[in-house]
Amino acid sequence: MRHRVALGTRWDTAIQGTCADFAACARTILDLAEHHATLDQEGASGVMEEMRRQHGRLQTLMAEVRILADEPVQLAARRVVRHAWAVQVLTTTGVDPRASDHPFHPPRERSLAALFDFYRSVRRQLRVPDAGYLTPLNPTEEVIP
C-alpha cells in the first residue's frame with residue numbers, strides 16, 4: 001500500500017513539474033509576441049529568435065506531457081502548441097495561419113483559452129479540489145485579504 005502511494009506521489013510530482021514548465025513556456029511565447037510590436041528592428045529579431053527557441057522547448061515539453069499525462073491533458077497541451085505556433089506565425093508574418101478555422105478569435109485569445117483548458121485538465125488529473133475553477137487573468141476587482 002505504501003509503495004502504491006509513493007509511486008502515485010512520484011507520478012504526480014513529475015506531472016506537476018512538467019506541466020508547470022509547459023505552461024510557463026507557452027506563457028513566455030505569448031509575452032514575447034506582445035512585446036515584439038514595441039521594439040525596433042534589431043530588438044524584434046532577437047525576440048523572434050527567442051520565440052523560436054521557446055517554441056522548440058514547448059515541443060520538447062509536449063513530448064514529456066505525452067509520456068506522463070492522461071489523454072485530456074495531452075489533447076489540451078496539443079491545442080496550446082497549435083495556437084502558440086499561430087501566435088508565432090502572426091508575429092513573424094502578420095498573417096494568422098488559422099484565420100479561416102477561427103475567424104472571430106485571434107491567436108492570442110485562442111492560446112489563452114487553450115492554456116486555461118490545459119490548466120483545468122492538469123488540475124483534474126492531479127485531483128485538485130474545484131479543478132475546473134480558475135480565477136480570471138484580470139479580475140475586475142482586486143481581492144485584498
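**Entry 1. The cavity**

I began with the lining of the largest cavity and noted that helix 1 gives the largest share, 3 residues. The model is a predicted one, and I read every entry below with that in mind. I then listed the lining in full: Ala26, Arg27, Leu30, Val80, Ala84, Ser111 and Leu115. Helix 1, helix 3 and helix 4 each contribute at least two residues to this lining. I looked up the volume of the largest cavity and found about 40 Å³. The structure holds 1 cavity of 30 Å³ or more.

**Entry 2. The chain as a whole**

I recorded 4 helices and 0 strands in the chain. Along the sequence, the pattern reads α-α-α-α. Of the 145 residues in the chain, 37% are buried. I looked up the exposed surface of the chain and noted about 9300 Å², of which carbon and sulfur atoms supply 57%. I also checked how far contacts reach: among those between residues at least 6 apart in sequence, 62% join residues at least 24 apart.

**Entry 3. Helix 4**

I tested the length of helix 4, which covers residues 107–125. Its 19 residues, at 1.5 Å a residue, should span 27 Å, and the end C-alpha atoms are 27 Å apart, so the expected and computed spans agree. I then asked which residues of helix 4 are buried. They are Pro107, Arg110, Ser111, Leu112, Ala114, Leu115, Phe116, Phe118, Ser121, Val122 and Gln125. Two of these, Ser111 and Leu115, I had already met in the lining of the largest cavity. Just after helix 4, I noted that Arg127 has a positive phi of about 60 degrees.

**Entry 4. Aromatic pairs**

I searched the whole structure for aromatic pairs and found 2. Phe22 and Phe118 make a tilted pair, with 4.8 Å centre to centre and 45 degrees between the planes. Phe22 belongs to helix 1 (residues 2–36) and Phe118 to helix 4, so this pair ties together parts 96 residues apart in sequence. I looked up the accessibility of both rings' residues. Phe22 has a relative accessible area of 0% and is therefore buried. Phe118 is buried as well, at 1%.

The other pair, Phe116 with Tyr119, is also tilted, at 5.6 Å centre to centre and 55 degrees between the planes. Both residues lie in helix 4, 3 residues apart, which is about one turn of the helix. I recalled the general rule here: an α-helix has 3.6 residues a turn, so residues three or four places apart point the same way. Are Phe116 and Tyr119 buried or partly exposed? Phe116 is buried, with a relative accessible area of 15%, whereas Tyr119 is partly exposed, at 27%. The cut-off of 20% for buried falls between these values, so the two residues receive separate labels.

**Entry 5. Ala86**

I turned to Ala86 and placed it in helix 3 (residues 71–93). Ala86 counts as buried because its relative accessibility is 0%. What does Ala86 touch, leaving aside its neighbours within four places in sequence? I noted contacts with Asp96, Pro97, Arg98, Pro107 and Arg110. Pro107 and Arg110 are buried residues of helix 4. I also looked up Ala99, which lies 13 residues from Ala86 along the chain, and recorded 9.2 Å between their C-alpha atoms.

Note on methods: Residues numbered from 1 in each chain as written. Predicted model: local features only at pLDDT ≥ 70, side-chain atom pairs only at ≥ 80, totals over all residues. Heavy atoms only, no water. Buried < 20%, exposed > 50% of the residue type's maximum accessible area, 1.4 Å probe, protein only. Contact = heavy atoms within 4.5 Å. Areas by Shrake-Rupley, 256 points an atom, 1.4 Å probe, with all protein chains shown as cover. Expected span 1.5 Å × (residues − 1). Phe/Tyr/Trp six-rings, centres within 6.5 Å; stacked < 30°, edge-to-face > 60°. 1 Å grid on protein atoms, 1.4 Å probe; cavity = no way out; pocket = protein on both sides within 12 Å on 5 of 7 lines; lining within 4 Å. Points joined across faces, edges and corners; volume = space filled by probe spheres on them.
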